[in-house]
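Let us take a guided walk through a protein structure. Keep the 3D view open and turn it as you read.

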Amino acid sequence: AEGGVGGREHERLSRAAQQPGWRDPDTGYTRRQLFAAPTHPLEAVQVTLPAGASVTLPAGSYAHIAQLLWVQSGELRLTERRAPDLTWDLAAGDCLGFGTPCDVTFENPAGQPCTYAVFLARR
């Protein structure tokens with residue numbers, strides 16, 4: 001077996017060349033599934049948001065998961081749509097845990113792409 005392990009052990013390894021990706025044709029937003037396995041409680045996703053782009057995700061996307069966001073490069077403005085809205089301006093190295101599920105807008109206010117990783121656990 002690959003790496004000397006067999007059975008379901010191979011599910012713990014996510015090789016870069018095999019990580020599925022997706023690109024939004026409207027915004028250029030790209031998403032790469034870094035890690036997801038049915039036998040592991042955590043998932044990891046990497047996102048690149050082009051300069052000036054913005055994406056809003058509905059509260060339902062976060063209903064049954066806990067999330068932590070880590071900005072790897074660039075700048076990100078994250079707005080939690082609640083009364084009142086709560087906006088976070090994040091830079092490379094900043095890490096933010098998500099609060100109570102609500103609609104969330106991810107915006108790149110800078111002139112360069114922003115890359116961030118999201119780590120999530122199902123509740």
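What follows is a short report on the overall layout, the core, the aromatic rings and the empty spaces of this structure.

**Overall layout**

Please keep in mind that this is a predicted model. The protein has ten strands and zero helices. If you trace the elements from the N terminus, they read β-β-β-β-β-β-β-β-β-β. Along its principal axes, the C-alpha trace spans about 50 × 30 × 25 Å. Of the 123 residues in the protein, 34% are buried. The chain also brings together residues that are well separated in sequence: among contacts between residues at least 6 apart, 62% join residues at least 24 apart.

One detail of the backbone is worth finding. The peptide bond that leads from Ala-83 to Pro-84 is cis, and its omega is near -10°. You can look for Pro-84 in the loop between strand 6 (75-81) and strand 7 (86-91).

**The nonpolar core**

In soluble globular proteins, nonpolar side chains tend to be buried together. Which residues touch the most other members of the largest nonpolar core? They are Leu-49, Leu-69, Leu-76, Phe-106 and Tyr-116, and the core has 22 residues. At least two residues each come from strand 3, strand 5, strand 6, strand 9 and strand 10. Strand 10 gives the largest share of this core, with four residues.

Two of these residues deserve a visit of their own. Leaving aside neighbours within four places in sequence, Leu-76 is in contact with residues including Leu-49, Leu-69, Trp-88, Phe-106 and Tyr-116. Phe-106 is found in strand 9. Its relative accessible area is 4%, so Phe-106 is buried. Not counting residues up to four places away in sequence, Phe-106 touches, among others, Leu-49, Leu-57, Tyr-62, Leu-69, Leu-76, Phe-98 and Tyr-116. The C-alpha atoms of Phe-106 and Thr-87 are separated by 9.9 Å, and these two residues lie 19 residues apart along the chain.

**Aromatic rings**

Now turn to the rings. Rings pair here if their centres lie within 6.5 Å, and by this rule the count comes to four aromatic pairs. One of them joins Trp-22 and Tyr-29: the ring centres are 6.0 Å apart and the planes meet at 70°, so the pair is edge-to-face. Tyr-62 and Phe-98 form another aromatic pair, which is tilted, with 5.4 Å from centre to centre and 40° between the planes.

Where do the partners of this tilted pair lie? Tyr-62 is in the loop between strand 4 (54-57) and strand 5 (65-73), while Phe-98 is in the loop between strand 8 (95-97) and strand 9 (103-107). The two parts are 36 residues apart in sequence, so the pair ties them together. Tyr-62 and Phe-98 also belong to one aromatic cluster with Phe-106 and Tyr-116.

Are the residues in these two pairs buried or exposed? The table gives the values.

| Residue | Relative accessibility | Class |
|---|---|---|
| Trp-22 | 46% | partly exposed |
| Tyr-29 | 9% | buried |
| Tyr-62 | 6% | buried |
| Phe-98 | 17% | buried |

The cut-off for buried is under 20% relative accessible area. Phe-98, at 17%, therefore counts as buried.

**Empty spaces**

Rolling a probe the size of a water molecule over the atoms shows where empty space is left. Let us look at one pocket and one cavity.

The second largest pocket has a volume of about 240 Å³. Its lining is made of 14 residues, and Tyr-29, Arg-31, Leu-57, Tyr-62 and Gln-67 are the ones nearest its centre. Strand 3 (42-49), strand 5 and strand 10 (114-122) are the elements that give two or more residues to this lining. The largest share, three residues, comes from strand 10. By class, the lining of this pocket has eleven nonpolar, two polar and one charged residues.

How many cavities of 30 Å³ or more does a search of the whole structure find? The search finds one. About 60 Å³ of space lies in the largest cavity. Among the residues that line the largest cavity are Tyr-62, Gln-67, Phe-98, Val-104 and Arg-123. By class, the cavity lining has six nonpolar, three polar and three charged residues.

Tyr-62 is a good residue to end on: Tyr-62 helps line the second largest pocket, lines the largest cavity and belongs to the aromatic cluster.

Terms used. Residues are numbered from 1 along each chain as its sequence is written. This is a predicted model: local features need pLDDT of at least 70, side-chain atom pairs count only at pLDDT 80 or more; totals for chains, interfaces and linings use all residues. Side-chain values use heavy atoms; hydrogens and water are left out. Rings of Phe, Tyr and Trp (its six-membered ring) pair if their centres lie within 6.5 Å; planes under 30 degrees apart count as stacked, over 60 as edge-to-face and the rest as tilted. Buried means under 20% relative accessible area, exposed over 50%, partly exposed in between (1.4 Å probe, protein chains only). On a 1 Å grid over the protein atoms alone, a cavity is a set of points where a 1.4 Å probe fits but cannot get out, and a pocket is an open set with protein on both sides within 12 Å along at least five of seven lines; lining residues have an atom within 4 Å of a point. Grid points are joined across faces, edges and corners, and a volume is the space filled by probe spheres set on the points. Ala, Val, Leu, Ile, Met, Phe, Trp, Tyr, Cys and Pro count as nonpolar, Asp, Glu, Lys and Arg as charged, and the others, Gly among them, as polar. A nonpolar core is a set of buried Ala, Val, Leu, Ile, Met, Phe, Trp, Tyr and Cys residues joined through side-chain atoms within 4.5 Å. Contact means heavy atoms within 4.5 Å.
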